[in-house]
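User: Please take a close look at the ligand site in this model. What surrounds the ligand, and which polar contacts does the protein make with the ligand?

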Amino acid sequence: MAMAFSLGTLNLPSSLICRSSSPTSSSSSKTSSLSLAFDAAYTKRAAELADKSAGFTAPHPNFGCVIATESADGEKVVVGEGYLYAQGTTPAELQAVEAAGERCRGATAYLNMEPSHCLVDQSAVSALVQAGVARVVIGIRHPLHHLRGKAIGAFRSEGLVVDVLGEDLHCKTVEEALKSCHLVNAPLLYRAACRVPFSVLKYAMTLDGKIAASSGHASWISSKMSRSRVFELRGRSDAVIVGGNTVRQDNPRLTARHGGGHLPQRIVMSKSLDLPEVANLWDVTEVPTMIATQRGAKRSFQKFLASKGVEVVEFEILNPKVVMEYLHDRGCLSVLWECGGTLAASALSSGIIHKVHAFVAPKIIGGKNAPSPVGELGMVEMTQALELIDVHYEQVGPDMLVSGFLQPVPDLTPVIPSVDETSAIDPTVSPYEASIIFFYKTWDPYGAFSNFSLHPMKMPDENGDIYMWPSVEHYYQAYKFAGIDDPTAKSCFEDIKNAKSPEEAARLGRRMQRQRPDLVRSDWESMKTSVMYEALKCKFSTYPNLTSMLLSTAGSVLVEASPHDLFWGGGRDGEGLNYLGRLLMQLRSELLRDSNASNTTLQKMENEVR
Ligand SMILES: Nc1c(N[C@@H]2O[C@H](COP(=O)(O)O)[C@@H](O)[C@H]2O)[nH]c(=O)[nH]c1=O
């Protein structure tokens, strides 16, 4: 059945009409401001449609499709719409084509995201091509490397015009539509970039920052309306996590009870398994429960849980990071953390929380020992506080919901560097599975890869004496001036060597290079990557945990997400050369070869003594 909506149904406000555009290529050079506004509004509509099935499609993305055409009197009308209901159901594009029928000829299809297009699934692309759609507007490229650009290429080779928001179409409303497209598939984008599910920390607290009275009583802090919003949040997630303490204190159900909707798996993180025998979470008739625990914990209780149908997963060392990595590997896209302060602090400090939803109720409970939403983070100065970005404030009944992101939604549009290029550097990177791991600031999940991470290492100084360099940055900056027979160069080398922080070392080295380029060794440009490689090799082999962290990234593209440094970093839009990422991948290959070789030797020795 065709749906014919006039533009009015989209409520295109006059503010949406773009006044200017700075198109870069393709058909968009002819695009008028008005048609840009239509493009933005219809793509946003596709994102809204896609959002209807949040929670149901994992691990697939949320896809929406709008087909619009020009009526005889020149008015733009929507002739078909569709969205992916759940994993494995009819693609959004097919539904929209079926709804639009003959009116697809010459029409424009709006997709919030580039569809999957591979050997085993070409249904979305062929539906639109065969229906005679002339133009496709795409919100974001597919975030997975092996799919990125494939459908776009296929459309173009079939003669369709393709415009991608932010690449071919530019203006303020296009940016807003692009944001909606990012948000609707934020879980997938985070998952692809960070190799952990998208994690939201949710809590309800009183105006004086308490999540329970001193007695532990907590029902209820937030209003019924707020709690219903929590049910919706649960419905959008693949899993809800709490700690053992919450099970002991609250005996929660953690179900989504807003009517229909997706039911997330419930997960309890408990090292000790010191949990009650009777608990709502052990009733798995409607929703499964999984317990994440530490190897060897209370075997008898594990058996008891198994008899109830509760899955128990043991980890060598239980922490939020390993549980998230495990859930990532099981295909989980998004997780809602509804835990108490201790686990929340541990999750926050391990860098795996991406978004926060805080319900603030206008109540005061007081109490010196009343718990607060986040436990010890080890911060001593307010400047260290984690700051939310893209903050939203919304009144929900009597409460205020404050939400925001701790890290921006990763924009995976730039391909940094190309996978072909990277697999030449590192054979572990497969063009079919590669994901990108970004690192930059030392507090990021892979921050230890940064040259600013404080991992002291023994390397020679200018005189060949072994010196404990506080960081790779110290070593790299000082070596710009090594071997120069000039007192200023020598004292600069010493100053960098003794710099109090990697930041200071970088400042000193860069400033001197700018002010006195004559003091920089003449072979620096040709030597700097080898100097860096030697320092990285020393750093990673000094610390076994760094070696295993680097090896654990095998198969992923490593990118230093520096927006400024276009030599060592990936740049803001992927224009950087990413030499730091490349050297780390090269080192990873070397370490992998070494570990494979030593395993083979070990194997031989074992065989000999057998
Ligand atoms: N007290 C409190 C919350 N507490 C959270 O909700 C859990 C109970 O979930 P359920 O058993 O499914 O109703 C509880 O264990 C804790 O994680 N949440 C809120 O939105 N507002 C509140 O006032």
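Analyst: The following account describes the surroundings of the ligand and then turns to one buried aspartate.

The model is predicted. In it, the space that the ligand takes is the second largest pocket. The shell around the ligand holds 17 residues, of which Lys-202, Ile-221, Ser-222, Arg-253 and Leu-254 come nearest. By character, this shell divides into seven nonpolar, three polar and seven charged residues. Strand 7 (198-206), helix 7 (224-235) and helix 8 (244-250) each contribute at least two residues to the shell; helix 7 gives the most, with three residues.

Polar contacts with the ligand involve both backbone and side-chain atoms of the protein. At Ala-218, a backbone N or O atom lies 2.9 Å from a nitrogen atom of the ligand. A polar backbone atom of Leu-254 is 2.8 Å from an oxygen atom of the ligand, and a polar side-chain atom of Arg-257 lies 2.8 Å from an oxygen atom of the ligand. On its own, the ligand has 520 Å² of accessible area, and the protein covers 90% of this.

The aspartate is Asp-461, placed in the loop between strand 17 (457-460) and strand 18 (466-469). Asp-461 counts as buried because its relative accessibility is 8%, below the 20% cut-off. The side chain of Asp-461 reaches the backbone nitrogen of Asn-463 at 2.9 Å and also makes a polar contact with the side chain of Lys-497, at 3.3 Å.

Definitions and conventions
Residues are numbered from 1 along each chain as its sequence is written. This is a predicted model: local features need pLDDT of at least 70, side-chain atom pairs count only at pLDDT 80 or more; totals for chains, interfaces and linings use all residues. Side-chain values use heavy atoms; hydrogens and water are left out. A residue is near a molecule or strand if one of its heavy atoms lies within 4 Å of it. A polar contact is a pair of N or O atoms within 3.5 Å; within protein, one must be able to donate a hydrogen and the other to accept it, and residues adjacent in sequence count only if both atoms are side-chain atoms. Accessible areas come from the Shrake-Rupley method with a 1.4 Å probe; for residues, only the protein chains shown count as cover. On a 1 Å grid over the protein atoms alone, a cavity is a set of points where a 1.4 Å probe fits but cannot get out, and a pocket is an open set with protein on both sides within 12 Å along at least five of seven lines; lining residues have an atom within 4 Å of a point. A molecule sits in a cavity or pocket if more than half of its atoms lie within 2 Å of its grid points. Helices (H or I, at least four residues) and strands (E, at least two) are DSSP runs, numbered from the N terminus. Ala, Val, Leu, Ile, Met, Phe, Trp, Tyr, Cys and Pro count as nonpolar, Asp, Glu, Lys and Arg as charged, and the others, Gly among them, as polar. Buried means under 20% relative accessible area, exposed over 50%, partly exposed in between (1.4 Å probe, protein chains only).
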